[in-house]
Amino acid sequence: MSYELDPELVSVMAARAEQAAAAPATARGDWKALRQVGELGQAYLATLVPPSSGVHTATFHATSDGVSIELRWHTKTTRAGAEPASQAGAEPGSAVVYAHGGGMVLGTLDLYDELIAWYVDRTGVPFLSVGYRRAPDEGTGTTLSQDVFAGLTWLLATASELGVDPARVAVMGDSGGGAPAAGAAILARDRGIGLARQILVYPMLDDRDQTPDPDRAAYLTWTYDNNQTAWSAVLGDQLGTDDVSPVADPARLADYAGLAQAYIDVGDLDIFRDEAIAYAQNLARAGVPIELHVHPAVPHGWERFAPDSESAKRAMADRARAVASI
């Protein structure tokens, strides 16, 4: 039986294909072009996020390897115009440290403000979005995960001021943000910091996953050429070798024991499907509790460009549930 696309996505995917055909081609290895085209796409996706209200944003900074990293603290206000709930005398609660998507070569805090606001509005859980350095011009290798970890340690150090229970902090990342989020979870375990959860949304985890699947080629929204370009930017000459750190490339991890319990979801038509499933299996074999969702008939990022589809609504509701339960 061949793969088929969710009927609700057919017209949307056709429109995307038409737009892609009219746009300049992005050559394999050209990370600058990939960043330019990708951020235009992310800006469009931001306009499709269902509106949110009553979310307050504050800017802070953490230091990672001597470099200042921007942090955005998003909180639900108690009422319109009021102080954020975490600063209004509420009992300490949970929080999420977020790494944005973009193949680790593109994406910004600005482009994710609407999506983060949606999570905060729907769950009441505050989010700390981390402006980690992107490959290859800002940072490479483990730098991205180290930046997210710096955001995590900043939040834990500031927990009492922000109204956060340090035992109820999770890391979360989507797509290219999945690697630095999972890498930060590895660092947390190795350095004796307990995490409540890691939430990985169609995560990019394995540089070795570069063999095209022709049966799913027609449905890809993040292609194998994109993937090769991105991982090459992150790892350089180490790409595909035995010298890659699991902090940069979490699928290289040998020992999964003691990692934070995980929520992982991915589409069946996503090139990250197999590596997401393998990561969940490795966690489970090590005794780490997991929740894994493989959504049928949908490609990478489908819920962002088809937010009104039933499959998107289910996925977003499940993610909101996972966040609210921290």
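With 326 residues, a compact globule would be expected to have a radius of gyration near 20 Å, and the chain, with 19 Å, agrees with that expectation. This is a predicted model, and its C-alpha trace spans about 55 × 45 × 35 Å along the principal axes. The chain is built from 10 helices and eight strands, and buried residues make up 55% of its 326 residues.

**The chain as a whole**

- Among the contacts in the chain with a separation of 6 or more, 75% are accounted for by residues that stand 24 or more positions apart.
- The chain exposes about 13400 Å², and carbon and sulfur atoms supply 51% of that area.
- The chain carries 24 positive and 42 negative charges, and the mean positions of these two groups are 3 Å apart.

**Strand β6 and its partner β5**

- Strand β6 covers residues 197-201, and because five of its five residues are buried, the strand is largely enclosed by the rest of the structure.
- The cover reaches both faces of β6, since Arg-197, Ile-199 and Val-201 are buried on one side, while Gln-198 and Leu-200 are buried on the other.
- Strand β5, which runs over residues 164-174, pairs with β6 in the parallel sense over five bridges, and Gly-173 has Leu-200 of β6 as its bridge partner.

**Strand β4 and its two partners**

- Phe-127 and Ser-129 point one way from β4, whereas Leu-128 and Val-130 point the other way, and all of these residues are buried.
- The pairing of β4 with β2 is antiparallel and extends over four bridges, with Leu-71 standing opposite Val-130 of β4.
- Strand β3, made of residues 93-99, runs parallel to β4 and is joined to it by four bridges, and here Tyr-98 stands opposite Ser-129 of β4.

**Backbone details to look for**

- The peptide bond that joins Ala-135 and Pro-136 is cis, with an omega of about -10°, and Pro-136 has its place in the loop between β4 (127-130) and α4 (143-157).
- Asp-65 has a positive phi of about 55° although it is not a glycine, and this residue lies in the loop between β1 (55-64) and β2 (67-76).
- Is Asp-65 buried or exposed? Its relative accessible area is 74%, and because a residue counts as exposed over 50%, Asp-65 is exposed.
- Ala-297 also is not a glycine and yet has a positive phi, in this case of about 65°, but Ala-297 is found in a strand, namely β8, which covers residues 290-299.

**Arg-252, a buried residue in a loop**

- Arg-252 lies in the loop between α7 (224-235) and β7 (262-269).
- The relative accessible area of Arg-252 is 16%, and because buried means under 20%, Arg-252 is classed as buried.
- Which residues does Arg-252 touch, if those up to four places away in sequence are not counted? The residues in question are Asp-207, Arg-208, Gly-240, Thr-241, Asp-242, Val-244 and Pro-246.
- One of these residues, Arg-208, is 44 residues apart from Arg-252 in sequence, while in space the two are 9.3 Å apart, C-alpha to C-alpha.

How values were computed. Residues are numbered from 1 along each chain as its sequence is written. This is a predicted model: local features need pLDDT of at least 70, side-chain atom pairs count only at pLDDT 80 or more; totals for chains, interfaces and linings use all residues. Side-chain values use heavy atoms; hydrogens and water are left out. Helices (H or I, at least four residues) and strands (E, at least two) are DSSP runs, numbered from the N terminus. The radius of gyration is taken over C-alpha atoms; the globule rule is 2.2 Å times the number of residues to the power 0.38. Buried means under 20% relative accessible area, exposed over 50%, partly exposed in between (1.4 Å probe, protein chains only). Contact means heavy atoms within 4.5 Å. Accessible areas come from the Shrake-Rupley method with a 1.4 Å probe; for residues, only the protein chains shown count as cover. Lys and Arg count as positive and Asp and Glu as negative; His and the chain ends are not counted. The place of a charge is taken as NZ of Lys, CZ of Arg, CG of Asp or CD of Glu. Two strands pair if DSSP finds at least two bridges between them.
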